Structures are given as C-alpha cells and as structure tokens.
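Welcome to this guided tour! Please have your viewer ready, and follow the stops in order.

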Amino acid sequence: MTHPITTYLNSIKDKLATGQATEHTHRPALADLFEALGENIKAVNEPTRSACGAPDLAILRGDFMVGHVEAKDVGISLDAAESSDQLKRYRSA
C-alpha cells in the first residue's frame, strides 16, 4: 500500500505536469491526505463561512471541528502567508 504522503505528492506532481493546475486543483488531494492520516477525520473543501472567515478546508473528527486549513498554490511563500491577517483570524478561531 502506498503511503498517503506519497500519494499526495504524486497527485500534485501529476497535476502540475499538465500546466493547468491552480491552488484549487490540489485541494482534493490535500483533503484526501488529511482523511488518510487519521481515523474518523473528514476534510470539507469550501466549508460554510464561520466567524473566522472562509477557510479552504475544515477538518473534523467526527462532528467536532479540529481546525481549518488555508491552502496556497505551489510556489507561494508560506512565510508571507503565515503573517497574513487571514491566518491570524484562523488561529484565533
């Protein structure tokens, strides 16, 4: 059985090779990765708006919200994203 991270990276690589991929292209693979790494985990793409805004993914364990994920496209600086107002809202939520 292929490790979930290997599956995720192969999916990203395959989509990037098309020359047509965007941040949104990679979200299903990211959701699958989260779900594969834990029991009873559900990753919801484009969840309903919440007090913190509109995160890209909501991560639930059963019915309990355990976190939000803000995806960035391949090549985007995560250092810059880390200090954004958007991520400050998500952390406080």
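A residue counts as buried when its relative accessible area is under 20%. By that rule, 27% of the 93 residues of the protein are buried. Keep in mind as you look around that this is a predicted model.

**Stop 1: the whole chain**

Show the cartoon view. You should find 4 helices and 3 strands. Walking from the N terminus, the elements come in the order α-α-β-β-β-α-α. Along the principal axes, the C-alpha atoms fill a box of roughly 35 × 30 × 20 Å. Among contacts with a separation of 6 or more, 29% link residues that lie 24 or more positions apart.

**Stop 2: the sheet**

Select the three strands. In what order do they lie in the open sheet? The order is 1-2-3, and the pairing is antiparallel. In general, strands of a sheet pair through backbone hydrogen bonds. Strand 1 and strand 3 (64-69) are the edge strands, each pairing on one side only. On average, neighbouring strands are turned by 25° against each other, ignoring direction.

Zoom in on strand 2 and strand 3: 5 bridges join this antiparallel pair. To see where the two strands face each other, select Ile-59, which stands opposite Gly-67 in strand 3.

**Stop 3: helix 2 on the sheet**

Now add helix 2 to your selection. Helix 2 packs on the sheet and touches strand 1, strand 2 and strand 3. The direction of helix 2 makes about 165° with that of strand 1.

Here is a small check you can do with a distance tool. How far apart should the ends of helix 2 be, at 1.5 Å a residue? Helix 2 has 15 residues, so the expected span is 21 Å, and its end C-alpha atoms are indeed 21 Å apart. If you wonder about the arithmetic, the expected span is 1.5 Å times one less than the number of residues.

Next, show the side chains of the buried residues of helix 2: Glu-23, His-26, Arg-27, Ala-29, Leu-30, Ala-31 and Leu-33. Their packing partners are helix 1 (4-16), strand 1, strand 2 and strand 3.

**Stop 4: the nonpolar core**

Which residues make up the largest nonpolar core? Select these 9: Leu-30, Ala-31, Leu-33, Ile-41, Ala-43, Leu-57, Ile-59, Val-69 and Ala-71. At least two residues of this core come from each of helix 2 (23-37), strand 1 (41-45) and strand 2 (57-61). Helix 2 gives the most, with 3 residues.

Pick Ala-43 from the core and look around this residue. Beyond its neighbours within four places in sequence, Ala-43 is in contact with Ala-31, Phe-34, Glu-35, Ala-58 and Ile-59.

**Stop 5: Glu-23**

Go back to helix 2 and select Glu-23, which is part of this helix. Is Glu-23 buried or exposed? Its relative accessible area is 18%, so Glu-23 is buried. The side chain of Glu-23 makes a polar contact with the side chain of Arg-27, at 3.0 Å. Leaving out residues up to four places away in sequence, Glu-23 also touches Asp-56, Glu-70, Ala-71, Lys-72 and Asp-73.

**Stop 6: two positive phi angles**

Move to the loop between helix 2 and strand 1, where you will find Asn-40. Asn-40 is not a glycine, and yet its phi is positive, at about 60°. Asn-40 counts as exposed because its relative accessibility is 55%.

Then look at the loop between strand 1 and strand 2 and select Glu-46. Glu-46 also has a positive phi without being a glycine, with a value near 55°. How does Glu-46 count at 47% relative accessibility? At that value, Glu-46 counts as partly exposed, because this class runs between 20% and 50%.

**Stop 7: Tyr-90**

Finish in helix 4 (residues 85-92), where Tyr-90 sits. With 9% relative accessibility, Tyr-90 counts as buried. Which residues does Tyr-90 touch, not counting those up to four places away in sequence? They are Cys-52, Ala-54, Pro-55 and Glu-70. Now draw a line from the C-alpha atom of Tyr-90 to that of Gly-53: the separation is 7.6 Å, although the two are 37 residues apart along the chain.

Terms used:
Residues numbered from 1 in each chain as written. Predicted model: local features only at pLDDT ≥ 70, side-chain atom pairs only at ≥ 80, totals over all residues. Heavy atoms only, no water. Core = buried A, V, L, I, M, F, W, Y, C linked by side-chain atoms within 4.5 Å. Buried < 20%, exposed > 50% of the residue type's maximum accessible area, 1.4 Å probe, protein only. Contact = heavy atoms within 4.5 Å. Pairing = 2+ DSSP bridges. Axes fitted to C-alpha atoms, helices over the stretch in contact; angles between N-to-C directions. Polar contact = N/O pair within 3.5 Å; in protein donor to acceptor, adjacent residues only side chain to side chain.
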